[in-house]
Amino acid sequence: MRIFYRLAGEDVAQLFALFRKVAERHQAEVPAARDAYLLGDGHPVDALDRAELAARSASGAVVLDVRPREEHAAGHIPGSVSIPIDELADRIDELPTDREVVVYCRGEYCSFAYDAVRLLSSAGRRAIRLSDGMLEWRLADQPVAFGDQ
């Protein structure tokens, strides 16, 4: 038998985001470790901010959520498409080839978005990641959709 516990609430999200910022400011090794983990092969993955996401979405870009299905259902950017990172290689043809794909996941340092952009780019797709993720989206009081909407 397994029991899963989840911490929820804006206060927990704020605490987590603050903890990350404090670690970056007080531990010189944190930014280097973060970059080594997320960049892997050393190639940067371009990103855009929330304002640019709105502009590109209005111009037809696909917003892709690569978090697990359950996380998407629990809250996502309105209008986003859900293809979990572990299914993306097999489902890449579900994404239009003539539109840019903006990828997001859990948060600013979630490796899923980086991996998805690399995968999409290697398949010849135009892809970029949102500079932050669902954590920061919620903390910025942006609209959130629930379920399969």
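Accessible area here is what the Shrake-Rupley method gives with a 1.4 Å probe. On that basis, the chain in this predicted model has an accessible surface of about 9,000 Å², and carbon and sulfur atoms account for 55% of that surface. Of the chain's 149 residues, 35% are buried.

As for the fold, the chain has seven helices and five strands. Going along the sequence, these elements come in the order α-α-β-α-β-α-β-α-β-α-β-α. Contacts reach a long way along the chain: counting those between residues at least 6 apart in sequence, 71% link residues at least 24 apart.

One residue worth a closer look is arginine 129, which sits in strand S5, residues 127-130. Arginine 129 is buried but makes no salt bridge. Its nearest side chain of opposite charge belongs to glutamate 108, 6.6 Å away, and a salt bridge calls for a side-chain nitrogen of Lys or Arg within 4 Å of a carboxyl oxygen of Asp or Glu, so this pair doesn't qualify.

What arginine 129 does have is polar company. Its side chain makes a polar contact of 2.8 Å with the side chain of tyrosine 114. In addition, a polar atom of the arginine 129 side chain lies 3.5 Å from the backbone oxygen of serine 131. Leaving aside residues up to four places away in sequence, arginine 129 touches Val45, Asp46, Ala47 and Leu48, then Val102, Val103 and Glu108, and finally Ala113, Tyr114 and Val117. Tyr114 thus turns up both as a contact and as the polar partner, while Glu108 is touched without forming a salt bridge to arginine 129.

Definitions and conventions: Residues numbered from 1 in each chain as written. Predicted model: local features only at pLDDT ≥ 70, side-chain atom pairs only at ≥ 80, totals over all residues. Heavy atoms only, no water. Helix = DSSP H or I, 4+ residues; strand = E, 2+ residues; numbered from the N terminus. Buried < 20%, exposed > 50% of the residue type's maximum accessible area, 1.4 Å probe, protein only. Contact = heavy atoms within 4.5 Å. Lys, Arg positive; Asp, Glu negative; His and termini not counted. Polar contact = N/O pair within 3.5 Å; in protein donor to acceptor, adjacent residues only side chain to side chain.
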